[in-house]
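Here are my notes on this model, kept brief. They take one strand and its partners, then the charged pairs.

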Amino acid sequence: MASVNVPLGDRSYAIQIGPRLLPGLGEACSRLKLGHRCAIICDTNVGKRYAKIAYDSLLKDGFEPCLIIVPAGESAKSLKTVQSCYDRLAANRLERKSFIVALGGGVVGDLAGFVAATYLRGIDFVQVPTTLLSQVDSSVGGKTAINHPLGKNMIGAFYQPQRVVCDLNTLQSLPQRELSAGLAEVIKYGPIADMQFLDWLDQNLDALMARDPKALGYAVQRSCEIKAYVVSQDERDVGMRAALNFGHTFGHAIEAGLGFGEWLHGEAVGCGMVMAANLSQRLGLVDKAFVQRLTHLIDRAGLPVVGPKLGADNYLQHMRVDKKAQSGEIRFVLIDPPGKAIVRGAPDTLVADVINHCCAG
């Protein structure tokens with residue numbers, strides 16, 4: 001088992017990475033000295049496969065768990081679902097010392113984290129991500145949120161978990177589409193922070209696609225190391241943490257434009273990285289070879305590299321409500337040079353040209 005520390009003073013916590021960690025969830029929570037009453041929040045898909053393992057483990061170690069099942073998919077990140085979670089927590093008499101286990105992918109992690117941040121003004125929670133995307137990105141760093149019809153993750157809070165438990169065995173049961181979606185968030189760490197890691201991904205992508213345990217373990221660990229460092233330097237996302245959103249400004253516009261859930265988040269981010277790389281090239285920050293290399297890697301990972309034809313005006317409208325926007329100006333995470341990210345604006349006409357180019361065919 002590997003462990004990555006997220007150093008945030010009195011809010012510091014460990015990310016545990018290894019096989020067969022879920023059956024030991026109760027023991028891990030016992031070491032954290034959390035309250036006895038707790039709730040597991042998971043969706044209908046994850047509930048069928050992993051809820052009993054988590055429930056029994058918590059019960060065995062003296063906890064009093066209840067199970068809250070929410071709908072699967074992006075639509076669950078809504079105020080309606082949050083309300084239903086509050087109702088169940090109150091009915092099961094969860095108190096200030098109680099805690100929540102977020103068991104599932106990025107949607108459940110975002111939702112359950114937001115519920116934990118706001119129920120009784122904040123109770124503890126533990127992230128147990130079961131998808132590649134959530135293990136390498138959304139479970140780490142304390143961003144919790146739900147969606148608004150005008151934009152993704154518009155209602156949320158910064159609220160750190162007590163522990164992140166990444167059981168690598170859960171990745172073996174992922175549908176191939178979900179695995180590919182997770183690889184988008186893995187790939188992004190190369191262009192923004194570590195080109196040697198991008199080289200490693202080039203060489204080991206086939207092993208990752210085949211779910212080789214050793215390759216998956218290293219990819220999760222290195223991704224978490226990079227994210228933990230960035231979060232420790234900018235917990236509240238006012239500076240360098242924006243680099244983690246490479247591809248997300250375009251990607252969120254795709255998700256919102258199609259209707260949340262049509263494309264998986266990682267699929268939209270993968271295509272968004274192609275667009276952001278093209279915009280970086282148009283601004284003279286990277287060369288064509290870098291764009292081609294990144295596009296090829298994203299394509300090999302089974303991700304879309306051509307955007308949906310929503311119309312440039314539609315893309316721009318959605319991007320104006322992006323959280324990085326300032327005074328109505330869209331701010332993009334761009335690469336300058338490979339291995340380093342910057343945040344800056346770009347003329348709408350140039351952005352529209354990139355959108356039209358990347359949505360052709």
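**Strand S9 and the salt bridges**

1. Arg 163, Val 165 and Asp 167 point one way from S9, Val 164 and Cys 166 the other, and all are buried. Buried means under 20% relative accessible area, exposed over 50%, and partly exposed in between (1.4 Å probe, protein chains only). S9 spans residues 163-167, and five of its five residues are buried. Helices (H or I, at least four residues) and strands (E, at least two) are DSSP runs, numbered from the N terminus.

2. A word on the basis. This is a predicted model: local features need pLDDT of at least 70, side-chain atom pairs count only at pLDDT 80 or more, and totals for chains, interfaces and linings use all residues. Residues are numbered from 1 along each chain as its sequence is written, and side-chain values use heavy atoms, with hydrogens and water left out.

3. Which strands pair with S9 in the parallel sense? Strand S2 (residues 13-18) does so over four bridges, and strand S6 (residues 124-129) over two bridges. Two strands pair if DSSP finds at least two bridges between them. On the S2 side, Gly 18 has Asp 167 of S9 as its bridge partner. On the S6 side, Val 126 is partnered by Arg 163 of S9.

4. The structure holds 22 salt bridges. The criterion is a side-chain nitrogen of Lys or Arg within 4 Å of a carboxyl oxygen of Asp or Glu.

5. One of them joins the side chains of Arg 37 and Glu 95 (3.4 Å, N to O). Arg 37 lies in strand S3 (residues 37-43) and Glu 95 in the loop between helix H3 (79-91) and strand S5 (99-104), so the pair ties together parts that are 58 residues apart in sequence. Arg 37 is buried, at 18% relative accessible area. Glu 95 is partly exposed, at 46%.

6. Lys 227 forms a salt bridge with Asp 137, with the closest N and O atoms 3.2 Å apart. Lys 227 sits in helix H9 (residues 213-233) and Asp 137 in helix H5 (residues 132-138), 90 residues apart. Both Lys 227 and Asp 137 are buried.

7. Asp 237 and Lys 143 also form a salt bridge, their closest N and O atoms being 2.8 Å apart. Asp 237 is in the loop between H9 and helix H10 (248-258) and Lys 143 in strand S7 (residues 143-148), so parts 94 residues apart in sequence are tied together. Asp 237 is partly exposed at 24% relative accessibility. Lys 143 is partly exposed at 28%.

8. Finally, a network. Salt bridges with shared partners join Asp 199, Asp 202, Asp 206, Arg 293 and Arg 300.
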